[in-house]
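I opened this notebook to keep track of what I looked up in one structure. The entries follow the order in which I went through the chain and its packing.

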Amino acid sequence: MHIRPVPFDHPDAVKLNDEVQAEYDLRYGDGGDMTPLDPAMFAPPGGLYLIAYDECDRPVATGGWRTQDANDEGYENGDAELKRMFVVAEARGRGLARRVLARLEDDARAAGRTRMVLETGTKQPEAIALYTSSGYAPCAKFGLYRDYEDSRCYAKPL
């Protein structure tokens, strides 16, 4: 596997984003994540977007982080928010998400961020298992979905 930084609007990123949105819609029946995202949010040094490619150079996993600081949505100064973590079905179970996550944490730490945060949902038990086994703990809710019953927020000091 090769993990490469790409812009959030790269064609492979758009393809994987469409796939993750379809999966969110399948699990939650709500059309996908409505959080407004702009490619500039993932541009270094204030963020990073990664894609993992398999041995045939097919995009199979993705994830990014973006800078967040204290605001009325419940973020704290120094936050790096994890977004669009996803592995295509045929590539799951190979540790790709864990590798992408580690790279994102390292990059956010190097950029001076002090805490990685993420929001997921109760209908994504494999995501919750990945994050809790990677040192993330439940935290105060934040972001667009902070008032949703199915929403779960996690944080990890960097």
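Before placing any residue, I note that helices (H or I, at least four residues) and strands (E, at least two) are DSSP runs, numbered from the N terminus. I am working with a predicted model, in which local features need pLDDT of at least 70 and side-chain atom pairs count only at pLDDT 80 or more, while totals for chains, interfaces and linings use all residues. Residues are numbered from 1 along each chain as its sequence is written, and side-chain values use heavy atoms, with hydrogens and water left out.

**Entry 1: Asp9**

I looked up Asp9 and found it in the loop between strand 1 (2-5) and helix 1. For contacts I take heavy atoms within 4.5 Å. Leaving aside neighbours within four places in sequence, Asp9 is in contact with Val14 and Pro39. I also checked Asp9 against Ala102, which is 93 residues away along the chain, and the C-alpha atoms of the two are separated by 22 Å.

**Entry 2: the nonpolar cores**

I use "nonpolar core" for a set of buried Ala, Val, Leu, Ile, Met, Phe, Trp, Tyr and Cys residues joined through side-chain atoms within 4.5 Å. Buried means under 20% relative accessible area, exposed means over 50%, and partly exposed lies in between (1.4 Å probe, protein chains only). The largest such core has 37 residues, and the members that touch the most others are Leu82, Met85, Leu104, Met116 and Tyr131. I then listed the elements that each supply at least two residues of this core, and these are helix 1 (11-28), strand 2 (47-53), strand 3 (59-68), strand 4 (79-87), helix 2 (96-110), strand 5 (115-121) and helix 3 (125-133). Strand 2 gives the largest share of this core, 6 residues. Apart from this core lies another, of 5 residues, with Tyr75, Val117, Phe142 and Cys153 among them.

Which residues does Tyr131 touch, not counting residues up to four places away in sequence? I found Leu82, Met85, Leu101, Leu118 and Tyr136.

**Entry 3: helix 2 against helix 3**

For angles I use axes that are lines fitted to C-alpha atoms, for helices over the stretch in contact, with angles running from 0 to 180 degrees between N-to-C directions. The axes of helix 2 and helix 3 come within 11 Å and cross at roughly 50°. That angle makes helix 2 oblique to helix 3, where under 35 degrees would count as roughly parallel, over 145 as roughly antiparallel, 65 to 115 as roughly perpendicular and the rest as oblique. I noted that Ala97, Arg98 and Leu101 in helix 2 meet Leu130, Tyr131 and Ser133 in helix 3. The residues of this contact divide into 4 nonpolar, 1 polar and 1 charged, given that Ala, Val, Leu, Ile, Met, Phe, Trp, Tyr, Cys and Pro count as nonpolar, Asp, Glu, Lys and Arg as charged, and the others, Gly among them, as polar.

Also in helix 3 is Ala129, which at 42% relative accessibility counts as partly exposed.

**Entry 4: two buried basic side chains**

Lys83 lies in strand 4 and is buried, with a relative accessible area of 7%. Not counting residues up to four places away in sequence, Lys83 touches Asp33, Thr35, Leu37, Phe42, Gly63, Gly64 and Arg66. I followed the last of these to strand 3, where Arg66 lies, and Arg66 also counts as buried, at 7% relative accessibility. With the same sequence neighbours left out, the residues that Arg66 touches include Thr35, Leu37, Phe42, Tyr75, Asp79, Glu81 and Lys83.

**Entry 5: backbone angles**

As background, most residues other than glycine have a negative phi, and most peptide bonds are trans. I found a cis peptide bond from Pro44 to Pro45, with omega near 5°. Pro44 is in the loop between helix 1 and strand 2, as is Pro45, and at 61% relative accessibility Pro44 counts as exposed.

Asp57 has a positive phi of about 65° although it is not a glycine. I placed Asp57 in the loop between strand 2 and strand 3, where it is partly exposed with a relative accessible area of 45%. Pro44 and Asp57 are 13 residues apart in sequence and 24 Å apart in space, C-alpha to C-alpha.

Is Arg84 buried or exposed? I found Arg84 buried, with a relative accessible area of 5%; its place is in strand 4, and its phi is near 55°, a positive value in a residue other than glycine.
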